[in-house]
Amino acid sequence: GYTTLSVAAKNCEVELEGLALPRRAIEKLCDAGFDLTVMNELNKNSSLAHRLRKAGIKKASKVVQFVRDSPANVALDRPAFSSKPFVSSPRYAFDGDMTTRWESSHADDQHLELDLGSRHRISKVVIAWEDAAAKSYDIRVSDDRVSWITVWRKMDGEEGIGTVESLLRANVTGRYVRMQGHERATIWGFSIWEMKVFGTPIRSVENPIATRQEGLQPPPEKITLVGDGDIRLANHSECSKMIEDDPQEYASCQTYANLRYSLLR
C-alpha cells in the first residue's frame with residue numbers, strides 16, 4: 001500500500017511505477033513535485049536531468065529515458081469526427097485550447113471520436129467536461145472505425161462533473177478512440193472542452209525478422225522518434241528542424257533516432 005496521504009502524491013507514484021526504481025526513490029520524486037507532466041515540461045528544454053540531480057535523484061538518466069518513452073497526449077490536433085448535426089465542431093475538443101469546446105446536438109446517444117493515424121497502445125483518456133456533461137458514457141477503441149470495443153464506462157455522471165480521468169486496462173490498442181455518450185446530465189447536449197488520449201505508437205515494422213533476413217532496411221518514416229519530450233512517428237528530418245535553433249538538442253535527437261532505428265532492425 002501507499003504511505004503517502006496526499007492523493008496527488010499517490011497518483012504520482014502510480015504513474016512512476018514503470019521506473020524500476022526503489023519505492024523510496026519514487027516517493028522522493030513525487031515529494032519534490034516531479035510527476036510525469038512536470039518532468040515532460042522540463043524535458044522539453046533539457047533541464048530535467050539537472051533538476052533531478054539537484055533533488056538528489058541518483059539515477060537521473062534512467063528517469064529521463066522513462067519520461068521520453070512514457071505515454072504522451074497523442075490526440076492533439078488529430079482529425080476529429082462526431083455525430084451530426086453538432087452545435088460546435090469536434091476539432092475544438094482536440095485543439096489544446098480550454099476556451100473552445102465541442103458541443104453535440106441537444107439529444108442523447110451522441111459520440112465524439114478521433115483518428116490517431118496508426119495503431120497505438122492507449123493507457124488513459126482524460127475528458128474535461130463543460131457543465132453540460134454526460135450522465136452515462138463509454139470509451140471505445142477501434143482499428144477500422146467499424147468494429148468498436150468498449151474499454152471503460154461511466155454511469156454516474158452529473159452536471160458540472162469537471163475533468164474525468166479514465167485509466168484503461170492493460171493492452172488496450174486501437175487507431176480510433178470514441179467517447180460514446182448515452183444519456184445527458186442536462187437538457188443541453190454533450191459538451192467537452194478538451195479530450196486527451198495518452199498512448200504510444202505501436203512498432204510500425206510488421207515483420208522485423210523477415211526484414212532482417214532479407215537484408216532490407218525499415219522505411220525511414222516508420223522510425224519511432226522521441227524529441228522534445230513528445231512521442232510521435234517521424235524520420236530523421238524531424239531532427240533537422242532543431243539544428244538551427246538548438247544544435248545540442250539536434251545531436252540528442254539524432255542519437256535517440258539512431259537508437260530507435262537499430263531496435264527496429
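Let's start with two cysteines: Cys12 and Cys30 are both buried. The model you are looking at is a predicted one, so every value below is computed from its atoms. In this model, Cys12 and Cys30 are joined in a disulfide, with 2.2 Å between their sulfur atoms. A search of the whole structure turns up one disulfide, and this pair forms a disulfide of that kind.

Where do Cys12 and Cys30 lie? Cys12 belongs to helix H1, which covers residues 7–15, while Cys30 belongs to helix H2, which covers residues 23–31, so the pair ties together parts that are 18 residues apart in sequence. You can also ask about the handedness of the disulfide: is it left-handed or right-handed? The torsion about the S-S bond is about -85°, so the disulfide of Cys12 and Cys30 is left-handed.

Next to Cys12 in the numbering, have a look at Asn11, another residue of helix H1. With a relative accessibility of 46%, Asn11 counts as partly exposed, whereas Cys12 and Cys30 are both buried. Along the chain, Asn11 and Cys30 are 19 residues apart, and their C-alpha atoms are separated by 9.1 Å.

Now let's move on to charged side chains. How many salt bridges does a search of the whole structure find? The search finds 13. One of them links the side chains of Asp115 and Arg175, with an N to O distance of 2.7 Å. Asp115 sits in strand S5 (residues 110–129) and Arg175 in strand S9 (residues 173–184), so this salt bridge ties together parts that are 60 residues apart in sequence. Is Asp115 buried or exposed? Its relative accessibility is 10%, so Asp115 counts as buried. Arg175, at 27%, counts as partly exposed.

Strand S5 also holds Arg119. The side chain of Arg119 meets that of Asp143 in a salt bridge, 3.2 Å from N to O. Asp143 is found in the loop between strand S6 (134–142) and strand S7 (149–154), so the pair ties together parts that are 24 residues apart in sequence. Here Arg119 counts as partly exposed, at 37% relative accessibility, and Asp143 counts as partly exposed too, at 43%.

A further salt bridge joins Lys154 and Asp156, whose closest N and O atoms are 2.9 Å apart. Lys154 is buried, with a relative accessible area of 17%, but Asp156 is exposed, with a relative accessible area of 55%. Salt bridges can also share partners: in this way Glu113, Arg145 and Arg178 are joined into one network.

Let's finish with Glu113, a member of that network. Glu113 is found in strand S5, and its relative accessibility is 0%, so Glu113 counts as buried. The side chain of Glu113 makes a polar contact of 2.4 Å with the side chain of Arg145. Which residues is Glu113 in contact with, once its neighbours within four places in sequence are left aside? They are Pro79, Ala80, Phe81, Phe94, Arg145, Trp148, Val177 and Arg178. In that list you can spot Arg145 and Arg178, the residues that share the salt-bridge network with Glu113.

How values were computed: Residues are numbered from 1 along each chain as its sequence is written. This is a predicted model: local features need pLDDT of at least 70, side-chain atom pairs count only at pLDDT 80 or more; totals for chains, interfaces and linings use all residues. Side-chain values use heavy atoms; hydrogens and water are left out. A salt bridge is a side-chain nitrogen of Lys or Arg within 4 Å of a carboxyl oxygen of Asp or Glu. Helices (H or I, at least four residues) and strands (E, at least two) are DSSP runs, numbered from the N terminus. Buried means under 20% relative accessible area, exposed over 50%, partly exposed in between (1.4 Å probe, protein chains only). A disulfide is a pair of cysteine sulfur atoms within 2.5 Å. A polar contact is a pair of N or O atoms within 3.5 Å; within protein, one must be able to donate a hydrogen and the other to accept it, and residues adjacent in sequence count only if both atoms are side-chain atoms. Contact means heavy atoms within 4.5 Å.
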